Structures are given as C-alpha cells and as structure tokens.
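Please open the structure in your viewer and keep the selection tool at hand. The stops below say what to select next and what is to be found there.

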Protein chains: 2
Amino acid sequence: MSPAENIPAPTSAKRELLLETAWALFCQNGYRAVGIDTVLAKAGVAKMTLYNHFDSKEDLIAAAMAKKSGEILAGIEDVIAAAGKSPERRLLAVFDWLAGWFGSKDFTGCAFIKAVGEYTVAGDKPREAATAYKQALQNRLQALATEAGLKAPAVLARQLMFLIDGATVHADMKADATFAAEARAAAKSLIEAARP
Amino acid sequence: MSPAENIPAPTSAKRELLLETAWALFCQNGYRAVGIDTVLAKAGVAKMTLYNHFDSKEDLIAAAMAKKSGEILAGIEDVIAAAGKSPERRLLAVFDWLAGWFGSKDFTGCAFIKAVGEYTVAGDKPREAATAYKQALQNRLQALATEAGLKAPAVLARQLMFLIDGATVHADMKADATFAAEARAAAKSLIEAARP
DNA sequence: CACAAAATAGACAGATCTGTATATTTCTGT
DNA sequence: ACAGAAATATACAGATCTGTCTATTTTGTG
C-alpha cells in the first residue's frame, strides 16, 4: 500500500471546508432544513467534490460531528487544565467553558442534541455521532469525579450532563447566556452533596 | 355573533384527529422528516380538510403543541395534587411524573425541545409554542418553590428545568428510563440546598 | 326530506431535494 | 513540462414536498 491511498485523502482542504461549512449551516438552521446545495454554495465547492469525499448527506453530517466532537473535547480539556489541580475545580471548569460558549455570538444550541431530535432511528449515523460525543464528555466528567473521590461518580457525571444539556437547550431557547452560571451553581450543589 | 362561528369550528372530530396524528408522527420522527401526506394517510383524512382547519404545516404543528401543552400540564397537575400538601414533595412529584413518561413504551423524547432544534428562527410558531410550554412549566415549579419557602425560587425552578430537559434528552438518546430517578435525586439535592 | 356545511378524491403546479453522469478544467508532484 | 489526481460546471433523473383547485359526496340539522 502506497502512502497515497485510493480514496481522495484522509484530509484535504476542500474536505475540511465542506465540514466546517456544513457544521455552521446545520448547527444554525437544523439538518433537514438545509439542503446540500446550500452548503455547496456557501462553501463554493462543486457537488461532485462533496460526493467524492462523502457517501451521502448523512455521512457528511456525521463526519462534521466527529470532527467537531474532537475539537470541542480538546477545548474543554484546555479549560480543565487551566483550572488547576483541584478535581472539584476542574469539574466546575466545564461550566465555565459552557458560559463562554453560551456567550459567543454564534451560539445556536447544541448540534448533537439537535441531531438526536432529527435522526430518530437507532442506526442513523448523526444520532450515533451524537451519542458518542455525549458519552465521551460524560466519561471525562466521571473520571474527574472519581479523581475527586466523590460518591457515585457515574451517577454524578450523568447528573452534570443533565445540567449541561438542559441549560444548553434553555440558553438557546431564551437566548440567555447567564444560564451557564445557574447550571454551574447547581453543579456545585451536587458536587458538595457527593462528598464522602 | 352566533355561537357557530364562520371558521369550521373551534374544535371538530377531524381536527382533533389531525392534531393527535400529527403529534404522534412528528414526535416520533421529527417535524421536517414527516410530510403532510404521511399525516393525512395515517389519519385517513383528506388534504383539503387539513388546509380548511390550518393555514400551514407549521400552523398544524403549533396547534398540536398547544393542545398537548395543556394536556401535559394538566397531567402534571394531577401528579402534584396526588403528592400531598408538602410543597417539597409536590416539587419532587414532577420527577415521578417524568419517570412514568420515560417508561412509557412510546416515549420518544420531548417534542418541544425538538421543535426548538428544528425551527430556529425567533418568530417560528413551533418554536414559540415550545417556549410557551417550557415557560409555563417553569412558572409552576417556581410557584411550588415559593410555596415551599425555598431560596431564590426563580433560579431553582430554572435549575430543575435544566435537570428535567437534560434528563429527557439523555433518556431519549440512550433509551434509559432510570435517568428520571437520577434527575430526581439531583433535584432533591438542589431543593435541600435551597432551604432557608 | 331538504339544505348547507364539511369532508372527500384526485389532479396538479411549482419548488426543492439527493444523488448521478459526463465532459472539461485546474492543480500538484516529479 | 507532463501525467495523474482533484475539482469543476452543467445537466439531469427521480423522488418528495407544500399548498391549491375543482368537482363530487357525505354528513348533520332544521
């Protein structure tokens, strides 16, 4: 096998552009509401280029979600690292990251939650990409809770996920970035209650 | 003004059937994924009947949401009433209602949250119907929190909404009804922390 | 029964959508 | 410069969608 494979390439400029453009449009307007042609027009890319890189629209969506998943988790990791070494502080740092996200001017809710709402069949790729991301974040929270020596870290991690995703839905709905702080305060209560 | 108005009727059998059928299909499969023709076929109703009762698909969706909103809030009210007179117990009763919903075999997540994800423009009727419902529930929680004499009842009500909606998203995603109990436990912690 | 309101069937316009086919041009690495 | 890979423009098939129009039939109420 030569280093240059048969398939276009694991990554190329056009491919990345398509993923970024697709993410932005789908996140802002929903998945089924945005047609492929809209993505192509905004990206300035030909239709065949898209279908040379991706099997279908759902495949493009899932690929964009997978890419963003990695980027977002890396960004969260940075915030956690910057929070010092207290595991409880590191847990709460995720909610500070949330505040930054809610406050960003292009905040339009969680594209993963939206994917679960629009792709409702178990095998749908966007749905699976969404569950994978949410599970990864939950696992990270659980690891932090375990480090912190908190009781029932798996349950706590999920409860924190409830707060994060619930706050995200409401921040989108009411366009209110202060909800991150309220979620953080709630998280603090749960963490304190989980001390051994 | 005669009791029989010009418009078909405030309520009719066909109209109710359309609302029920539309709700079931949209809730299960998403809004844009289901066409009007699918609703009509399942309901066994002619297309013109639909457009005599509703201005558009979005109007049908918003009407179905408004109808269900009232029914759901009434159902929650029953559970609250059955929980006795302790305000804190009444607050937690909402999470017992949640458990029953998650466990029902036709649970497919929250149609209001999905509407916010699919109709992303501020004026969209389905989005407004969703925010109205969420606000009504939040107001009810706030009233209960106030009755209970808890601190910052408005904030607590919103935090409980975060738990409810986050748990709903995750219960849909992972098809796990036990999340209601975890959300309830978290709610209990928040309520205890809010005691004066 | 008779009359008006409600519902029906079915076709249709017009738009939009995903994905494919083809022929041509641009880019890239050696 | 040249060969092969990548991207392009364009057209198109086939399906689907919302909403309208018309003519007919059913239904409910006096």
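At what angle do α9(A) and helix α8 (residues 153–174) of chain B pack, and how far apart are their axes? Before the answer, two remarks on how to read what follows. This is a predicted model, in which local features need pLDDT of at least 70, side-chain atom pairs count only at pLDDT 80 or more, and totals for chains, interfaces and linings use all residues. Residues are numbered from 1 along each chain as its sequence is written, while chains are lettered from A and ligands numbered from 1 in the order in which they are written.

**Stop 1: two helices from two chains**

Select α9(A) together with α8(B): the two helices pack at an angle of about 85°, and their axes are 10 Å apart. Helices here are DSSP runs of H or I with at least four residues, strands are runs of E with at least two, and both are numbered from the N terminus. The axes are lines fitted to C-alpha atoms, for helices over the stretch in contact, and angles run from 0 to 180 degrees between N-to-C directions. Angles under 35 degrees count as roughly parallel, over 145 as roughly antiparallel, 65 to 115 as roughly perpendicular and the rest as oblique, and α9(A) and α8(B) are therefore roughly perpendicular to each other.

Now show the side chains: on α9(A), the residues Phe179(A), Glu182(A), Ala183(A) and Ala186(A) meet Val155(B), Arg158(B), Gln159(B) and Phe162(B) of α8(B). Two residues are in contact if their C-beta atoms, placed from the backbone, lie within 7 Å. Sorted by class, this contact of α9(A) with α8(B) has five nonpolar, one polar and two charged residues, where Ala, Val, Leu, Ile, Met, Phe, Trp, Tyr, Cys and Pro count as nonpolar, Asp, Glu, Lys and Arg as charged, and the others, Gly among them, as polar.

**Stop 2: Ala183 and the core**

Keep Ala183(A) selected and add its contacts, leaving aside neighbours within four places in sequence: Phe95(A), Leu98(A), Leu163(A), Ile164(A), Ala167(A) and, from the other chain, Phe162(B). Ala183(A) and Ala183(B) are the residues with the most contacts inside the largest nonpolar core, which has 119 residues. Such a core is a set of buried Ala, Val, Leu, Ile, Met, Phe, Trp, Tyr and Cys residues joined through C-beta atoms within 7 Å. A residue is buried if 20 or more other C-beta atoms lie within 10 Å of its own, exposed if 12 or fewer, and partly exposed in between, with C-beta atoms placed from the backbone.

**Stop 3: the whole interface**

Widen the selection to both chains, where 38 residues of chain A are in contact with 37 residues of chain B. On the side of chain A that touches chain B, α1 (13–29), α6 (111–118), α7 (125–147), α8 (153–174) and α9 (179–193) each supply at least two residues, and α8(A) gives the most, with 15 residues. The residues of that side divide into 17 nonpolar, twelve polar and nine charged.

How are the two chains related? A turn of 180° with a shift of 0.0 Å along the axis lays chain A on chain B with an RMSD of 0.0 Å, which is the relation of a two-fold axis. The copies are superposed by least squares on the C-alpha atoms of residues with pLDDT of at least 70 in both. To find the rotation axis, select Gly166(A), whose C-alpha comes closest to it among the residues of chain A, at 2.0 Å. Of the interface residues of chain A, 97% are also interface residues in chain B, so the copies meet through the same surface.

**Stop 4: chain A alone**

Hide chain B and look at chain A, which has nine helices and zero strands and a C-alpha trace spanning about 60 × 45 × 30 Å along its principal axes. Buried residues make up 42% of its 196 residues.

Select Ile191(A) in helix α9, a buried residue with 21 other C-beta atoms within 10 Å. Not counting residues up to four places away in sequence, Ile191(A) touches Glu88(A), Leu91(A) and Leu150(A).

**Stop 5: a loop residue**

Finally, select Ala175(A) in the loop between α8 and α9 of chain A. Most residues other than glycine have a negative phi. Ala175(A) has a positive phi of about 55° although it is not a glycine, and Ala175(A) is exposed, with 12 other C-beta atoms within 10 Å.
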